Amino acid sequence: MKIILANPRGFCAGVNMAIDVVDQVLKLQGPPVYVFHEIVHNRHVVDDFRSRGVVFVDTIDQVPTGGVIVYSAHGVSPQVRRESKERQLHEVDATCPLVTKVHMEVLRFAKEGYHIVFIGHRNHDEAVGTMGEAPDVITVVETDAEVADLPFTPDAKLAYVTQTTLSVSDAERIITALKARYPNIKAPPKDDICYATTNRQRAVSELAEDADLVLVIGSKNSSNSQRLVETARDKGKAAYLIDDEKELNPDWFTNRFTVFVTAGASAPEHLVQNLVNRLQRDFSASVSTVGSESSVEVRTLVEEDVAFAAPASLKKLTVLR
């Protein structure tokens with residue numbers, strides 16, 4: 001059996017930054033370290049941090065007064081920040097800068113008098129945080145079918161923003177429907193779907209042509225990982241989302257001889273390597289020269305060199321300590 005590895009895959013710059021922030025806070029003050037929601041949506045990352053003394057909380061009142069709170073890569077609402085200040089917490093903000101960009105767009109559109117259509121998943125942490133910036137003037141749309149139910153007149157002053165981890169094709173369908181019904185709707189200055197989400201979806205779409213099975217490493221609550229599976233299935237491929245190699249089902253490999261492997265933007269690389277190792281051990285895959293009947297081939301769409309600096313709030317905590 002042949003294995004094709006996608007490049008790029010796995011951690012993006014925002015995830016790298018967020019994980020490094022929690023590591024640094026652990027080193028500075030030791031456990032327990034409190035994080036608002038999961039730092040990233042990956043079970044293995046979260047479980048590893050829990051084993052090292054990180055406490056993931058869903059409400060600010062779970063953090064001791066005067067303590068340190070780390071905000072996840074998905075961002076938080078202004079209400080959460082107000083509650084932190086009321087409890088005199090030291091805030092360390094690990095929000096991905098590309099998510100912060102969308103927050104800033106919402107604030108600007110609201111200030112300019114627009115009603116904002118947020119294209120995304122209502123209950124996702126990123127959506128909840130972003131909508132909190134202007135809850136009275138923002139409406140969520142999850143599908144193009146929902147556009148027809150919007151209550152606004154065709155000449156309403158509308159703008160839209162997008163969750164950073166959406167399916168590119170789904171977002172395009174919704175935006176097309178919005179523009180058809182509201183020709184004057186205002187777009188953000190630059191696309192909101194992040195580079196990593198776009199690159200990983202394109203890699204599946206363009207590089208998995210020869211595969212008859214696509215495996216995506218990622219957790220079930222990871223939006224961008226779910227979108228990779230959808231992208232593969234849209235191309236007619238059998239595709240499955242797995243947390244790790246233990247979830248492989250031998251039945252998936254019946255009469256399938258080439259597997260395309262990728263990983264969501266919050267999935268660690270060691271999980272990919274564990275999967276490859278099991279495919280080699282249990283499913284007759286072996287490393288050899290590219291082009292042979294049994295090989296591991298890396299296919300590259302684009303080389304990513306994006307990196308985000310540590311947030312100023314972490315540097316401030318360093319001074320405090």
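These notebook entries record what I looked up in this structure, which is a predicted model.

**Entry 1, overall build**

I began with the protein chain as a whole, and its secondary structure comes to 11 helices and 12 strands. The radius of gyration is 21 Å, close to the 20 Å that the globule rule gives for 321 residues, so I noted the chain as being as compact as a globular protein of that length. Along the principal axes, the C-alpha trace spans about 60 × 55 × 30 Å. I then looked up burial and contacts: buried residues make up 54% of the 321 residues, and among contacts with a separation of 6 or more, 73% are between residues 24 or more positions apart. For the surface, I have about 14400 Å² exposed by the protein chain, with carbon and sulfur atoms supplying 50% of it.

**Entry 2, the nonpolar cores**

Which residues touch the most other members of the largest nonpolar core? I found Val25, Ile39, Phe49 and Val70 in that role, in a core of 28 residues. The elements that give two or more residues to this core are the helices α1 (13–29), α2 (43–51) and α11 (312–320), together with the strands β2 (33–36), β3 (54–57) and β4 (68–71). Of these, α1 gives the most, with eight residues.

I followed Val25 further and, not counting residues up to four places away in sequence, found that Val25 touches Gly30, Val33, Val68, Val70, Val92, Leu314 and Leu317. There is also a second, separate core of 22 residues, which includes Ile3, Ile242, Val259 and Leu275.

I also looked up Val54, which has its place in strand β3 and is buried, with a relative accessible area of 4%. Leaving aside neighbours within four places in sequence, Val54 is in contact with Val22, Leu26, Val33, Val35 and Phe49. As a distance check, I took Leu215, which is 161 residues from Val54 along the chain, and the C-alpha atoms of the two are separated by 30 Å.

**Entry 3, aromatic rings and charges**

The structure holds three aromatic pairs. The one I examined is that of Tyr240 and Trp252, whose ring centres are 4.0 Å apart and whose planes meet at 5°; planes under 30 degrees apart count as stacked, and therefore this pair is stacked. The pair links distant parts of the chain, since Tyr240 belongs to strand β10 (residues 238–242) and Trp252 to the loop between β10 and β11 (258–263), 12 residues apart.

Are the two partners buried or exposed? Tyr240 is partly exposed, with a relative accessible area of 24%, whereas Trp252 counts as buried at 13%; I put the boundary here at 20%, because buried means under 20% relative accessible area.

I then turned to charges over rings and noted two cases. Arg108 lies over the face of Phe109, at 4.7 Å from the ring centre, and the charged end of Lys157 sits over the ring of Tyr114, 4.8 Å from its centre.

**Entry 4, Pro268 and Asn274 against Asn16**

I chose Asn16 as a reference for two residues far along the sequence. Pro268, in the loop between β11 and α10 (269–282), is buried with a relative accessible area of 8%. Although Pro268 and Asn16 are 252 residues apart along the chain, their C-alpha atoms are separated by 9.7 Å. Leaving aside neighbours within four places in sequence, I found Pro268 in contact with Phe11, Asn42 and Val45.

Asn274 is found in helix α10 and is partly exposed, with a relative accessible area of 31%. Between Asn274 and Asn16 I noted 258 residues in sequence and 20 Å in space, C-alpha to C-alpha.

**Entry 5, backbone exceptions**

Most residues other than glycine have a negative phi, and most peptide bonds are trans. With that in mind, I looked for departures.

- The peptide bond from Asn7 to Pro8 is cis, with omega near 10°, and Pro8 is found in the loop between β1 (2–7) and α1.
- Pro31 and Pro32 are joined by a cis peptide bond with omega about 0°, and Pro32 has its place in the loop between α1 and β2.
- His37, which is not a glycine, has a positive phi of about 65° and is found in the loop between β2 and α2.
- Asn255 has a positive phi near 60°, is found in the loop between β10 and β11, and is exposed, with a relative accessible area of 64%.

How values were computed:
Residues numbered from 1 in each chain as written. Predicted model: local features only at pLDDT ≥ 70, side-chain atom pairs only at ≥ 80, totals over all residues. Heavy atoms only, no water. Phe/Tyr/Trp six-rings, centres within 6.5 Å; stacked < 30°, edge-to-face > 60°. Buried < 20%, exposed > 50% of the residue type's maximum accessible area, 1.4 Å probe, protein only. Lys NZ or Arg CZ within 6 Å of the ring centre and 35° of its normal. Rg over C-alpha atoms; globule rule 2.2 N^0.38 Å. Contact = heavy atoms within 4.5 Å. Areas by Shrake-Rupley, 256 points an atom, 1.4 Å probe, with all protein chains shown as cover. Core = buried A, V, L, I, M, F, W, Y, C linked by side-chain atoms within 4.5 Å.
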